[in-house]
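Q: I am new to reading protein structures and would like to look closely at one single part. Could you take me through it slowly, and then show me what else is worth noticing around it?

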Amino acid sequence: MTLRLLAGLLVIAATPLGAQGDVAARLAGRVSPEVAALVRQLAVDAAARGLPVDPLVQKAIEGGAKGVPADRVASAVRGVAGQLDAAAGALREGGMTPPDTEAIAAGAFALNAGLRGQDVADLARRSGDTYGVAATLRVAGTLAALGVPAAEIVALISETIRAGRRPADLLALPGRVQAEMARGATPAQAAAGLARAAAARGNPNPPHPSPDPPGQSRPKNPHHP
Amino acid sequence: MTDFHPLVKQLLDGEVTLAQLPPELRAEGEEALRLLEAVNRDPVALTAAVEARVMGAVRRRAAAPSLWRRLTEPRELHLRWRPWTLAPALAAAAALVLLFGRPGSAPTALAPSPATATVRFVLFAPQAQQVALAGTFNQWDAAATPLVPSGTPGVWTATLTLPAGQHQYAFVVDGARWVPDPAAPTVDDGFGRRNSVLTL
């Protein structure tokens, strides 16, 4: 028992030091010493709270590579840390306890792309083991990056999962939305049409169709519910 | 070959019903369904003479297999092992390892992992002298992944094998200008620009 306790304490003590060393090595020569020190500190805090460290390091390296001034790099890295925190909270709200670092990183990406914490929680709740929370959130974030509104994203992914489509079909959704956009549909119309198609496939007796044909419904005006 | 409207193709795939098609496409949908039903799925009937000739050849071949065919033909192999034979086999294997080298010293097989995908990046930049790709997959190193001019003037390409997951990237034109991929979705990079997104 004493040995196990000792081993546990050693792991806890060594992890932040290891993370600091690794972060320092990755940032060496890529960012200013001030930014490197900030990222090291944020990385230690993040690791202690079960958050992924890599997105922080990546953002700092990206800022350095793009020649961004140090204060703006620091601000962007702090922003990423905030998104990771928010994503972890949303995943816990979605029933993932404790959330894994891959899902947290994917959730932070989805938030950055335009989804809300509630959407991340909803999608985490719906994705289950078959699709994987991280993959679901990456697809959701990519759809948001394409300009699909959050409500249509949640509907499309939910219908695809409900219809029992393969995980590869979920990953293919951004490409299918892009294809519909290339034919002239808006992102919302494309996602709504694909969601209706998934629902029809999942339900052998589909309900009465809407007056708008699939893929051609008018987007709802959020200011006039 | 008839090229149907994408919604009619969805109808043929069973993704939508005829009733869900817009009115102007229903006639095309009905026609497509009629064509599908009209496909002849009856088995092909051979004449008795052809069947007799084919079956005769098959029987002759089965009755007198050549030595080469007997040696090379795939066949079911039954292996039976008994526990008491395991110890000498393990001893023999250990001896072979000791004689001919350490286990694991052989080169690792470079089988492609299912968790990777090969992606081709393309940028049309007719004025560019050089184009590179920088992103999360190469530590945003603008010198690590240059694009090469393709056969078409002004078109630059690079093909990469990337791990499954989500990647962000941008093209770097002439070593200084960061340009998002016009064919990919983008997100705010936190520095007032946009990063392209690739999800595999």
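A: What follows is a close look at one strand of chain B, and then at the nonpolar core and the contact of the two chains. Please keep in mind that this is a predicted model. The part chosen is strand E9 of chain B, which runs over residues 194–199 and is mostly covered, since five of its six residues are buried. Strand E6 of chain B, residues 166–173, pairs with E9(B) in the antiparallel sense over four bridges, and here Gln166(B) stands opposite Thr199(B). E9(B) also pairs with strand E8 of chain B, residues 186–188, again in the antiparallel sense, over three bridges, with Asn195(B) as the bridge partner of Val187(B). E8(B) and E9(B) form a hairpin with five residues between the strands, and in this hairpin Gly190(B) takes a positive phi near 85 degrees.

Turning to the core, the largest nonpolar core has 94 residues, and those with the most contacts inside it are Val39(A), Leu56(A), Val77(A) and Val120(A). Helix H4 of chain A, residues 70–93, gives the most to this core, with 11 residues. Leaving aside neighbours within four places in sequence, Val77(A) is in contact with six residues, namely Leu38(A), Val39(A), Leu42(A), Leu56(A), Lys59(A) and Ala60(A).

Finally, the contact of the two chains takes 30 residues from chain A and 28 residues from chain B. On the side of chain A that touches chain B, the largest share, six residues, comes from H3(A), and the residues of that side divide into 18 nonpolar, five polar and seven charged.

Conventions:
Residues numbered from 1 in each chain as written. Chains lettered and ligands numbered in written order. Predicted model: local features only at pLDDT ≥ 70, side-chain atom pairs only at ≥ 80, totals over all residues. Buried ≥ 20, exposed ≤ 12 C-beta atoms within 10 Å, placed from the backbone. Pairing = 2+ DSSP bridges. Core = buried A, V, L, I, M, F, W, Y, C linked by C-beta atoms within 7 Å. Contact = placed C-beta atoms within 7 Å. Nonpolar A, V, L, I, M, F, W, Y, C, P; charged D, E, K, R; others polar.
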